[in-house]
Every structure is written in C-alpha cells, then in structure tokens.
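Here is a friendly walk through one protein chain, stop by stop. Keep the structure open beside the text and rotate along as you read.

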Amino acid sequence: METPYAKPISPTQTGIGWIGIGIMGAAMASHLLSAGYSLTIYARSPSKASSLLSQGAHLAHSPHQLARQSDVVFTMVGNPQDVNQIVLQPNGILSTLNPGAVIVDHTSSSPSLARQIYASAREKGCWSVDAPVSGGDIGAREGKLAIFAGGERPVVEWLTPLLDLMGRVTYMGEAGCGQTCKIGNQIMVGANLMGLSEGFFFAEKAGLELSKFMEAIRGGGAGSTAMELFGRRTIERDFKPGGFVEYMVKDLGMGLNVVKEEEDERVVVLPGAALCKQLFSSMVANGDGKLGIQGLITVVERINGK
C-alpha cells in the first residue's frame with residue numbers, strides 16, 4: 001500500500017476502518033457511508049453491526065485484520081483500557097497498520113495514553129490523532145459534534161474531509177491535547193447538569209410548571225447547550241443514554257486523577273468536579289450507570305427524599 005497521508009482523501013481511494021459501533025460510534029460511522037466511503041467495521045458483538053452492514057459496510061473478524069486493509073482507522077470505544085487493548089496490544093491495530101496510515105481515537109480517554117499511542121504509531125511510520133467529541137447522540141446523528149483534535153496539525157487538516165462529515169473539528173495542539181480538552185469539557189457539562197437538575201427540582205417544588213420555567217429562562221443567563229440537549233429530556237423523564245453516566249464518572253475521574261500522571265504545576269484542585277463525580281458515582285452505585293447523564297436529577301430527588 002502506498003503511503004495514504006501523501007494522497008488526498010477521497011471515497012474512491014481511502015479505505016476506512018471503524019471500531020466501536022455503540023450509540024455514538026454507529027451514528028458517526030453512518031455519515032461516512034452516506035458520503036460514499038468504503039467502510040470496514042469490527043464489532044465484538046457482530047449482531048450490533050446489522051444496521052451499518054445494511055448501509056454497505058463490510059465486517060472484519062478482528063482489529064488487526066481491519067487495520068491491515070485501512071488507510072484511516074477510527075476508534076470509538078468505552079474507556080482507556082479498551083483503547084489500550086485494541087490499539088497497543090500484540091493483536092491490536094498497530095500490529096498490522098501499514099506505514100503512513102492514521103489512527104483517529106474518538107474515545108474519551110487519557111491524555112497520557114494518547115501520547116503513548118502517538119509515540120508508538122510514529123515508531124511504525126504511522127500517525128495518530130486523539131479526537132474525542134461532545135454533543136451526545138443528537139450531535140452524532142445530525143453530524144454536529146464538537147471534535148477536539150490533538151496530534152500533528154497537517155494530519156488533522158488531511159483528515160478534515162472525514163471529520164467534517166461528523167461535526168466541527170478544532171485543532172487543540174500536540175498529542176493528548178484533544179483528550180485534555182474533552183476532560184475540561186466534561187467538567188463544564190457536569191457543572192451545567194448539576195445546575196439544571198437542581199434548578200428544575202427547585203422550580204417544581206415551588207409549584208412552577210417546568211416547561212414554562214424552561215421557556216422563561218432559556219433565553220437568559222441560565223440558557224445553555226446543556227439545557228437545549230437535556231432540558232426537555234429531563235422534564236419528560238427521558239433518561240435514555242446519549243452518553244452513559246458511567247462514562248461521565250470515568251471522564252471526571254481522569255480530570256481529578258491527573259496528578260498521578262503529570263506530577264507538575266498543571267495539576268489543580270477541582271472541588272466542583274469532585275462533587276459532580278460523587279453525584280454521578282451515586283447513580284452508578286444505585287444501578288443507574290447505563291442511564292443518560294440527564295438522569296442526574298434523580299440524585300437530587302433522592303437526597304430530598306422524593
């Protein structure tokens with residue numbers, strides 16, 4: 001295979017692999033198929049691949065088989081341990097990835113792991129970009145995700161025709177910076193959801209009709225993207241996941257535990273994020289880890305004896 005990085009990306013020339021076809025991954029991958037790209041997918045549970053296969057995707061039997069035939073490999077899996085296993089282990093992506101090929105990891109993962117993957121990829125003459133996303137299942141379906149990219153700027157620019165199909169990409173800096181940006185994003189999302197949940201609970205207990213309450217405040221200082229994404233769902237008790245609560249716990253934990261990785265002056269104390277993590281962790285402890293993050297209001301209700 002020729003070095004793909006030297007060639008412009010196009011549906012007829014660029015082979016794409018995709019690993020991770022959950023709520024977010026499947027929606028993101030479908031945009032590539034709709035744009036006419038040849039897509040090979042790997043799924044630990046092949047039955048979950050039926051929708052993408054019906055759109056024209058091909059099924060690989062292992063990550064290393066997928067990597068061997070791909071110019072760009074996207075990953076969108078659950079946690080850093082999954083990323084490590086799929087990318088770095090002996091039968092992982094890097095074991096068969098061709099020189100010049102690019103790994104794009106959309107998983108919300110560890111900045112230090114992103115740097116490790118980048119270094120390992122470069123040793124093989126390949127490239128990697130850490131590109132976690134924000135926007136939930138709605139953003140994934142509509143192709144309106146915020147994408148935070150870390151790695152080499154020219155590689156990110158080369159990937160733009162693909163990333164633009166899924167949302168708006170912002171180049172954040174060297175390897176790991178995309179993941180650092182996502183952690184900061186999740187700290188803010190958690191704080192927004194805590195305010196949203198407590199505000200709704202307060203308004204309801206005070207006798208306000210919640211739909212009117214939201215319409216009244218959404219155009220003022222309390223309005224936010226979190227309200228637009230999760231406000232109506234919260235009011236209607238729709239806790240179906242766009243992003244799992246257990247993943248929010250993981251993301252906030254990476255921000256709070258960065259001291260274990262960095263041990264330098266960038267480490268900060270984050271009391272609000274620590275409180276948010278405790279509240280989301282209580283959902284996991286109550287068996288609600290697979291709910292959507294808008295389910296945080298149930299914690300406020302339990303604390304108040306509802």
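## Leu-39 and strand E2

Leu-39 is buried, at 1% relative accessibility. This leucine belongs to strand E2, which spans residues 38-42. As the model is a predicted one, please read every value here as computed from its coordinates. Setting aside neighbours within four places in sequence, Leu-39 is in contact with Ile-16, Gly-17, Trp-18, Ala-29, Leu-32, Leu-33, Ala-57 and His-58. If you would like a long-range reference, Leu-39 and Met-188 are 34 Å apart in space, C-alpha to C-alpha, and 149 residues apart in sequence.

Leu-39 is also covered by a record: an unreviewed UniProt entry lists residues 15-39 as "transmembrane region". In the model, the chain over residues 15-39 is 48% helix and 28% strand, and its end C-alpha atoms are 7 Å apart.

## Thr-14 and the annotated domain

Thr-14 is located in the segment before strand E1 (15-19). With a relative accessible area of 4%, Thr-14 is buried. Not counting residues up to four places away in sequence, Thr-14 touches Pro-8, Ile-9, Tyr-37, Ser-38, Asp-71 and Val-72.

The unreviewed UniProt entry also lists residues 16-173 as "domain: 6-phosphogluconate dehydrogenase NADP-binding". Over residues 16-173, helix makes up 39% of the chain and strand 24%. The end C-alpha atoms of residues 16-173 are 24 Å apart.

## Ile-103 in strand E5

Is Ile-103 buried or exposed? Ile-103 counts as buried because its relative accessibility is 0%, and the cut-off for buried is under 20%. The residue sits in strand E5 (residues 102-105).

Leaving out residues up to four places away in sequence, Ile-103 touches Val-73, Val-87, Ile-93, Leu-94, Leu-97, Trp-127, Ser-128 and Val-129. For one of these partners, Val-129, the C-alpha to C-alpha distance from Ile-103 is 6.2 Å, with their positions 26 residues apart in sequence.

## Lys-182 and the packing of H8 on H11

According to the unreviewed UniProt entry, the annotation "active site" covers Lys-182. Lys-182 is part of helix H8 and counts as buried, at 7% relative accessibility. Which residues does Lys-182 touch, not counting those up to four places away in sequence? They are Ser-108, Pro-132, Val-133, Phe-148 and Asp-251.

Lys-182 takes part in a helix-helix contact as well. Helix H8 (residues 177-205) packs with helix H11 (residues 245-256) at an angle of about 115 degrees, and their axes are 9 Å apart. The crossing of H8 past H11 is left-handed. On the H8 side, the contact is made by Lys-182, Ile-183, Gln-186, Ile-187, Val-189 and Gly-190; H11 contributes Met-248, Asp-251, Leu-252, Met-254 and Gly-255. Sorted by character, the residues of the contact of H8 with H11 are six nonpolar, three polar and two charged.

## Helix H10 and Arg-237

In helix H10 (residues 225-235), the buried residues are Ala-226, Met-227, Phe-230, Gly-231, Arg-233, Thr-234 and Ile-235. What do the buried residues of H10 pack against? Their partners are helix H6 (136-142), H8, helix H9 (210-217) and helix H14 (297-303).

Just after H10 comes Arg-237, with a positive phi of about 60 degrees. Most residues other than glycine have a negative phi. Arg-237 is a residue other than glycine with a positive value, so a backbone check could start there. Arg-237 is found in the loop between H10 and H11 and counts as partly exposed, at 42% relative accessibility.

## Cysteines

How many disulfides does the model contain? The count comes to zero. A disulfide is a covalent bond between the sulfur atoms of two cysteines. For Cys-276, the closest cysteine sulfur is in Cys-181, 18 Å away, and therefore too far for a bond, given a cut-off within 2.5 Å.

Cys-276 is buried, with a relative accessible area of 2%. Cys-126 counts as buried too, at 0% relative accessibility.

Definitions and conventions. Residues numbered from 1 in each chain as written. Predicted model: local features only at pLDDT ≥ 70, side-chain atom pairs only at ≥ 80, totals over all residues. Heavy atoms only, no water. Axes fitted to C-alpha atoms, helices over the stretch in contact; angles between N-to-C directions. Helix = DSSP H or I, 4+ residues; strand = E, 2+ residues; numbered from the N terminus. Left-handed = near helix turned anticlockwise from the far one by under 90°. Contact = heavy atoms within 4.5 Å. Nonpolar A, V, L, I, M, F, W, Y, C, P; charged D, E, K, R; others polar. UniProt positions renumbered as here; feature names shortened; annotations may be inferred. Buried < 20%, exposed > 50% of the residue type's maximum accessible area, 1.4 Å probe, protein only.
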